[in-house]
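Here is a short report for a reader new to this structure. It takes a pocket first, then the sheet, then the helices.

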Amino acid sequence: MDEHELDLAIRRTAEFIRTSKHVVALVGAGLSAESGIPTFRGKDGIWTKFGEPTIDGWELFRRDPAAWWENAILAREEGSEFSVAIEIAEPNAGHLGMMELEEMGRLAHIITQNVDNLHQKAGSKAITEIHGNRFKVRCMNCGGRDLLSRTRLEQLPPLCGECGGVLKNDTVMFGEPIPDDALRECYRQSALADLFLVVGTSAVVYPAADFPVMAKRRGAPLIEINPEPTALSGLADVVVRAAAGVALPRIVALLRA
Ligand code: NAD
Ligand code: ZN
């Protein structure tokens, strides 16, 4: 996509946003790439480079939560490339652009697949974290969430202060069902959307990848912001082939003008 085509796509996106009433965004790892957090798939993705993990985290957790926590605490002390990147990351121009769209009343809701807390750090408010949040724990019994930093880890597994249930990290593992509250809100938002933005996701993880398709079927236009083609590109009404940190501030500037 040359600069002229990109400019046109950005203008069309701004116009679609301007004329919509309930814009919902589905966000993926690509939005945080410019904050130094590697994606899984795509050109520089860690799975593209090293292959996909085969571990069934959910199975391991259910079999022995205490052992899972012991490993997790050790791993945190060692600090993998991915977890260190998330610890030190700051929101980038893309996150800030989304926060501004919300503040301007132009973006109703963010459904994020990211677990890095960067939307909150940027100041966004209406967020559903469909794959959880790396800085939180969640009760397997009552579904309550708390900050990991506030959770006592002397006894493993840690237990819920409200109901005594086993606490798990909030991040949704392979094989683990999406928490009910998050899933319900995603379906609700997808049904309300009259425009869907898909930002920085390869759109192959389900059910997340279904939300824009559901909205599109009901007639909501679809806009993709991603430097590379994805499974959704063919369905999109507008494709913005650029990094989110480049495209979103330009969209915001047009809407402010
Ligand atoms: P993915 O890794 O499958 O795909 C990333 C997508 O982002 C690719 O299509 C790539 O072309 C695009 N991309 C790369 N740089 C971009 C940029 N600057 N601007 C816009 N797009 C860009 O990511 P996914 O679809 O989110 O699926 C991965 C799963 O792994 C998610 O469900 C998430 O839970 C988890 N994950 C989270 C983080 C995070 O929290 N930051 C990081 C990696 C993976
Ligand atoms: Zn509980």
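## A pocket

The second largest pocket holds about 220 Å³ of space. This comes from a predicted model. Lining that pocket are 14 residues. D146, L159, C160, G161 and L167 lie nearest its centre.

What classes of residue make up the lining of the second largest pocket? Five are nonpolar, four are polar and five are charged.

## The sheet

Six strands build an open sheet. Their order is 3-2-1-7-8-9, and the pairing is parallel. Strand 3 (127–129) and strand 9 (238–240) stand at the edges. Each has a single partner strand, so one side of each is left without a neighbour in the sheet. From one strand to the next, the twist averages 15°.

Take strand 9 and its partner, strand 8. Strand 8 covers residues 222–225 and runs parallel to strand 9. Three bridges join the two. Opposite I225 stands V240, in strand 9.

## Helices on the sheet

Helix 1 spans residues 3–18 and packs on the sheet. Helix 1 touches strand 1 (23–27), strand 7 (195–199), strand 8 and strand 9. The direction of helix 1 makes about 125° with that of strand 9.

Which strands does helix 9 lie across? Helix 9, residues 180–192, lies across strand 1, strand 2 (109–112), strand 3 and strand 7. Helix 9 runs at about 130° to strand 2. Strand 1 and strand 7 thus appear in the lists for helix 1 and helix 9.

Note on methods: Residues are numbered from 1 along each chain as its sequence is written. Chains are lettered from A and ligands numbered from 1 in the order in which they are written. This is a predicted model: local features need pLDDT of at least 70, side-chain atom pairs count only at pLDDT 80 or more; totals for chains, interfaces and linings use all residues. Side-chain values use heavy atoms; hydrogens and water are left out. Two strands pair if DSSP finds at least two bridges between them. Helices (H or I, at least four residues) and strands (E, at least two) are DSSP runs, numbered from the N terminus. Axes are lines fitted to C-alpha atoms, for helices over the stretch in contact, and angles run from 0 to 180 degrees between N-to-C directions. Contact means heavy atoms within 4.5 Å. On a 1 Å grid over the protein atoms alone, a cavity is a set of points where a 1.4 Å probe fits but cannot get out, and a pocket is an open set with protein on both sides within 12 Å along at least five of seven lines; lining residues have an atom within 4 Å of a point. Grid points are joined across faces, edges and corners, and a volume is the space filled by probe spheres set on the points. Ala, Val, Leu, Ile, Met, Phe, Trp, Tyr, Cys and Pro count as nonpolar, Asp, Glu, Lys and Arg as charged, and the others, Gly among them, as polar.
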